[in-house]
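The following note sets out points for discussion on the model shown here. They are numbered for ease of reply.

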Amino acid sequence: MNDSSSARAAGSAGSAGSAREITGVVHDASGVPVPGAHVLFTDGPGPLPDIAAVTDTEGRFSLTAPIPGDYALLCRADPAMGPPGMAEATVRVGGPGDDGAGAPEAAVRVELTLG
């Protein structure tokens, strides 16, 4: 099993925003979506909910951050469903009005590439 990791954030990930939803896609090293991978919080600004998401057939997942702040995510592939590997990412989820106009922003989007 290859345990190296990489992650790439897209959209508003890593910047302030009012979204509390974290959505993303898990790919293998060749860019193919990975179904059945587990994505979970490993660190956050407060107590973490016992929440994990499992990617769908297109490698997509969605998690809800309970409060604004920086969150660390860990993704582990299920070797029975595809290539083994893991990936990590840190995303920033902002509070209401953090977009400067007071309007809610779209979900924070993250792309994770298994390594």
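1. Threonine 64 is placed in strand β5. In this predicted model, threonine 64 counts as partly exposed because its relative accessible area is 49%, and the limit above which a residue counts as exposed is 50%. Beyond its neighbours within four places in sequence, threonine 64 is in contact with Arg20, Phe41 and Ile51. The C-alpha atoms of threonine 64 and valine 93 are separated by 9.9 Å, with the two positions 29 residues apart along the chain counted as their distance in sequence.

2. On the overall fold, the protein chain has 0 helices and 8 strands. Read from the N terminus, the order of elements is therefore β-β-β-β-β-β-β-β. Of the 115 residues in the protein chain, 39% are buried. The chain exposes about 5700 Å², and carbon and sulfur atoms supply 52% of that area. Where contacts join residues at least 6 apart in sequence, 68% of them are between residues at least 24 apart.

3. Confidence needs a separate comment. The average pLDDT of the protein chain is 80, and 74% of the residues score at least 70. Among the elements, β3 has the highest mean pLDDT, 95, whereas strand β1 (residues 5-10) has the lowest, 42. Over residues 1-18 the pLDDT stays under 50, although the model has 58 contacts beyond four places in sequence for this segment. Where pLDDT is low, the predicted coordinates should not be read in detail.

4. Which strands does β6 pair with, and in what sense? β3 and β6 run antiparallel and are joined by 5 bridges; within this pairing, phenylalanine 41 has leucine 73 in β6 as its bridge partner. β6 also pairs with β7 in the antiparallel sense, over 8 bridges. Of the 8 residues of β6, 6 are buried, so the strand is largely enclosed by the rest of the structure.

5. The pairing of β6 with β7 also carries a side-chain interaction. Aspartate 70 has arginine 92 in β7 as its bridge partner, and aspartate 70 forms a salt bridge with arginine 92, with the closest N and O atoms 2.7 Å apart. This salt bridge links distant parts of the chain, since aspartate 70 is in strand β6 and arginine 92 in strand β7, 22 residues apart. Aspartate 70 is partly exposed, at 36% relative accessibility, and arginine 92 is partly exposed as well, with a relative accessible area of 38%.

6. The structure holds 2 salt bridges. Besides the pair just described, arginine 60 forms a salt bridge with aspartate 56, where the closest N and O atoms are 2.9 Å apart. Arginine 60 counts as partly exposed at 44% relative accessibility; aspartate 56 counts as partly exposed at 27%.

7. How do β2 and β8 pair? The two strands run in the parallel sense, over 6 bridges. Within this pairing, glycine 24 has valine 110 in β8 as its bridge partner. β8 is largely enclosed by the rest of the structure, because 5 of its 7 residues are buried.

8. The largest nonpolar core has 22 residues. Ile22, Val26, Phe61, Cys75 and Leu112 are the residues with the most contacts inside this core. Two or more residues come from each of β2 (21-27), β3 (38-43), β5 (60-64), β6 (69-76), β7 (86-93) and β8 (108-114). In soluble globular proteins, nonpolar side chains tend to be buried together.

9. A final point concerns a loop position. Alanine 80 lies in the loop between β6 and β7. Is alanine 80 buried or exposed? Alanine 80 counts as exposed because its relative accessibility is 71%, and the exposed class begins over 50%. Alanine 80 and glycine 36 are 44 residues apart in sequence, while their C-alpha atoms are 8.6 Å apart in space.

Technical notes
Residues are numbered from 1 along each chain as its sequence is written. Side-chain values use heavy atoms; hydrogens and water are left out. A nonpolar core is a set of buried Ala, Val, Leu, Ile, Met, Phe, Trp, Tyr and Cys residues joined through side-chain atoms within 4.5 Å. Buried means under 20% relative accessible area, exposed over 50%, partly exposed in between (1.4 Å probe, protein chains only). Helices (H or I, at least four residues) and strands (E, at least two) are DSSP runs, numbered from the N terminus. Two strands pair if DSSP finds at least two bridges between them. Contact means heavy atoms within 4.5 Å. Accessible areas come from the Shrake-Rupley method with a 1.4 Å probe; for residues, only the protein chains shown count as cover. A salt bridge is a side-chain nitrogen of Lys or Arg within 4 Å of a carboxyl oxygen of Asp or Glu. pLDDT is the predictor's confidence in each residue, from 0 to 100.
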